[in-house]
Amino acid sequence: MNEQDNEITISLGNMFAYMLHRWKLVLIVGVICTLVIGGFLIYRQNEAIKSKYEDATYKEMVKDMTDEQLKTVDMFYTRYGTFQERIAENQFYADHSLAMKLDPNNVGVLTKEYLVKSGYSGVMSSFSDAALDLDDYEKMANILGENLDARYVNELVSLYGGISQDAYQIDTDKVGDVINGSIGNSYTGILTFSVTANTRSDCDNIAKIADEAIKEHMEALKAAGISIEMSDLTTSYTERYDTGIAEMQRSQAERGSKLVTDYYDFENSAKNSLDEQEIKVFSYLIEKEQEVQERMHYIRYLAIGAVVGLVVSVIFLAIVYLFASGFKTFDDIRRMTKEKELGVVIQNTKSKILLGKFFHNWAKKIEFHGIRKVPEADAIAIVCDRIVSICESKGAKSVFIMADDEGEYTGSVLKKALEQLKGKGLEANTGAPIASIDALRSLRASQVAVLAVTIKYSLPNVVRDEYAVCEENNIPVVGNFVVFPQR
């Protein structure tokens, strides 16, 4: 044993692995701090905003202002509201308009005509006004894309027509008998449906929906007693660069830009026209009207709470790790001893939680870096075989395994090792000679000793004392092996 080496080197990698094994603690502390600290910060800001925009605050601000000043502020505030409404309306149209979403460089137009004959002069108006309803528009919008506003489909489709009288209809059984019969008008016209889209398939699918709606409306008119006949005439499809759509899109964009520019000009005008107190009240009214929702930093405060929780848990685990009295790494054990390392017995573990398995495996890769992991049974067998070989070379018939850890896993490993050693003809015992008189007497009766060090549980001072006991009794320590329990 190297008794002069009393320093323990702190491995940042092993410290990180120690924290990874305790990921649940980090998660719990993080969630608690997120809720407590983040919630407190949100509550504090919300209370500050509420108190700032209470009526008492406004009354305090305007108590020394004249009626003329208040009228001036009210005038500018009314203009502000008008600008906000116009900007919001323009932006809403730009976001939802289907015409604004068209590519004017590749516009397809499908036109379909129907020949209509009827005794009702208002038949074309009936088709134009009632054939297509919101349900049809919603079907068409679903063809063009998801989450589109069906109210804007009428920008892309149109249904119109004209009709004129072409004959009289005489209802009588006798030729030339008009007095006893009835005379009606006969009307003929062309009903036209047109759709504009960016692809031929979109045009065809929308036209099918419109055709079904038109035919359905015709049947409804017939059911109401209106005489009507309809037949398909022509269907045409063209593609072109649509200057009208392009100009409309440019005009709409320019209109929105001008609104914003006018608003900023208005802001500058307000700053130049209002005095300091009027500007203060004007800004107060604007912020109150907006409810300052953009100032509520929910995500930021929750993130601060989560970061604080992470830092607190990391600091706590780092302190626990640093002040832990047991051996922390394999290097610690090697620095404390000069004897050969006969092997490492590692406990097998399995994590049932997917997230836990990820963190534990990550930690193990750090802890066992440079260590060849061997199955527990094979590792114990190798350690025992090497002990037997050493004993034979020294002519020893008895061996004592010194172990200060009383944990369940260490006890299980020692029990299996003693069984194998005894099975090979050696007298083998184990215990902690500095803590048990029986173990001390058993050590004195042995010819050689082997040290079993349980990582994270065996204490450096105890290991030194065990070496001292062996030196006092002239019992040579011929090797050591490491037990690595895992939760």
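Colleague: Into which exposure class does V31 fall, given its relative accessible area?

Modeller: V31 has a relative accessible area of 41%. The model is predicted: local features need pLDDT of at least 70, side-chain atom pairs count only at pLDDT 80 or more, and totals for chains, interfaces and linings use all residues. Residues are numbered from 1 along each chain as its sequence is written, and side-chain values use heavy atoms, without hydrogens and water. Because buried means under 20%, exposed over 50% and the interval between them partly exposed (1.4 Å probe, protein chains only), V31 is partly exposed.

Colleague: What accessible area does the nonpolar surface patch containing V31 have?

Modeller: V31 lies in helix α2 (residues 23–52), a helix being a DSSP run of H or I with at least four residues, and a strand a run of E with at least two. A patch takes residues with over 30% relative accessible area and no salt bridge (Lys or Arg side-chain nitrogen within 4 Å of an Asp or Glu carboxyl oxygen), joining nonpolar side chains within 5 Å and like charges within 9 Å. L27, I28, V31, I32, L35 and V36 together have about 560 Å².

Colleague: Which element gives the most residues to the largest nonpolar core?

Modeller: A nonpolar core joins buried Ala, Val, Leu, Ile, Met, Phe, Trp, Tyr and Cys residues through side-chain atoms within 4.5 Å. The largest has 37 residues, with F127, M140, V157, L191 and F193 making the most contacts inside it. At least two residues each come from β1, α5, α6, β2, β3, α7 and β4. With 9 residues, the element giving the most is α7.

Colleague: Which residues does L191 touch, beyond those up to four places away in sequence?

Modeller: Contact means heavy atoms within 4.5 Å. On that basis, L191 touches K112, E113, Y114, V116, M124, F127, L159, Y160, G161, I214 and M230.

Colleague: What is the geometry of the Y80–Y263 ring pair?

Modeller: Rings of Phe, Tyr and Trp (its six-membered ring) pair when their centres lie within 6.5 Å; planes under 30 degrees apart are stacked, over 60 edge-to-face and the rest tilted. There are 8 aromatic pairs by this rule. In the Y80–Y263 pair the centres are 6.2 Å apart and the planes stand at 50°, so the pair is tilted.

Colleague: How many residues apart in sequence are the parts that this pair ties together?

Modeller: Y80 and Y263 are both buried. Because Y80 belongs to helix α4 (residues 67–96) and Y263 to helix α8 (residues 243–273), the parts tied together are apart in sequence by 183 residues.

Definitions and conventions. Areas by Shrake-Rupley, 256 points an atom, 1.4 Å probe, with all protein chains shown as cover.
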